[in-house]
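Please take a moment to look over the chain shown below, and then follow the explanation that comes after it.

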Amino acid sequence: MRATSMVGTLTCLLLAAGCSSPAHQDGNAAPAGSPEPTTSAATTGTPTPSTPPPSSPSSPSSPSSARPASDPTRPASLVLGPDGIGSLKLGMTRQQATGTGLLRTFTNNAGGCAPAHLRAAPTGDEVVLLSPTLGIATIDAYAGIRTPEGARIGMSSAEMLRIYPTWKAADGDATNGRGAAKTPGNSKAVYRIETKNGKVISLTLQYANQDCYE
């Protein structure tokens with residue numbers, strides 16, 4: 001009876017020791033009851049390089065339109081009066097007038113006024129006269145040339161008279177004739193204006209005392 005009691009006691013002790021021994025833990029395993037480690041996608045994933053937003057393509061700058069320089073010999077660039085046409089002025093010497101580039105070669109006229117043609121004149125009939133005493137004394141206009149007041153070849157006699165009421169006939173009348181009008185802005189010059197069939201056919205800026213013709 002005593003032996004049986006001892007065996008039972010020993011059995012209980014062995015069972016108690018087995019129940020209280022901690023289970024063998026792997027060195028890498030988390031302790032029992034520890035929460036499962038969470039893996040952060042931010043720390044374990046491959047970092048995504050920061051890509052700057054694509055810059056919008058710059059609009060190609062529109063090329064500046066090439067504008068040809070104004071041709072000083074073209075009618076649109078020239079006005080007759082009150083003292084000349086373009087860079088060509090009344091009173092200029094032969095050398096000064098030639099230097100403007102607006103004239104063809106002067107033709108020598110012994111003892112009189114030397115004529116030269118305007119380079120841009122379409123017919124070649126328009127003449128500039130060089131006086132031995134006055135220098136450039138007369139300058140003819142051609143089609144497309146206007147005075148500052150708007151007079152031009154081809155306009156009606158009535159329009160011309162509205163612009164230049166001081167026009168005075170030296171021969172004929174305003175419908176068919178030749179006369180002169182004062183040049184606004186130049187008391188030494190006049191506009192010599194010739195008409196035919198009620199139209200202006202000739203327009204000249206000249207010194208009032210020019211000595212090249214009538």
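The paragraphs that follow go from the chain as a whole to its disulfide and then to one residue in a strand.

It should be said at the outset that this is a predicted model, and the values given here are computed from it. The secondary structure of the chain comprises four helices and nine strands, and a reader who follows the sequence from its start meets them in the order α-α-β-β-α-β-β-β-α-β-β-β-β. The chain has 214 residues, of which 30% count as buried, while the area that the chain exposes is about 14200 Å², with carbon and sulfur atoms supplying 56% of that area. If one considers the contacts between residues at least 6 apart in sequence, 40% of them join residues that are at least 24 apart.

How many disulfides does the chain have? The count comes to one disulfide, and it joins Cys113 to Cys212, with a distance from S to S of 2.0 Å. Cys113 lies in the loop between α3 (94–99) and β3 (114–117), and Cys212 lies in the segment after β9, so the pair ties together parts of the chain that are 99 residues apart in sequence. The torsion about the S-S bond of Cys113 and Cys212 is about -85°, and the disulfide is therefore left-handed.

Are the two cysteines buried or partly exposed? Cys113 has a relative accessibility of 8% and counts as buried because this value is under 20%, whereas Cys212, at 21% relative accessibility, counts as partly exposed. Apart from neighbours within four places in sequence, Cys212 is in contact with Cys113, Leu129, Ser131 and Ala137. Cys212 can also be compared with Gly112, for these two residues are 100 residues apart in sequence and yet 7.0 Å apart in space, taken from C-alpha to C-alpha.

The remaining residue to consider is Gln206, which is found in strand β9, a strand that spans residues 199–207. Gln206 has a relative accessible area of 6%, and it is buried because that value is under 20%. When its neighbours within four places in sequence are left aside, Gln206 is in contact with Leu90, Ala137, Thr138, Lys188, Ala189, Val190, Arg192 and Tyr213. Ala137 therefore appears in two of the lists given here, being in contact with Gln206 and also with Cys212, the cysteine found in the segment after β9.

Note on methods. Residues numbered from 1 in each chain as written. Predicted model: local features only at pLDDT ≥ 70, side-chain atom pairs only at ≥ 80, totals over all residues. Heavy atoms only, no water. Helix = DSSP H or I, 4+ residues; strand = E, 2+ residues; numbered from the N terminus. Buried < 20%, exposed > 50% of the residue type's maximum accessible area, 1.4 Å probe, protein only. Contact = heavy atoms within 4.5 Å. Areas by Shrake-Rupley, 256 points an atom, 1.4 Å probe, with all protein chains shown as cover. Disulfide = S-S within 2.5 Å.
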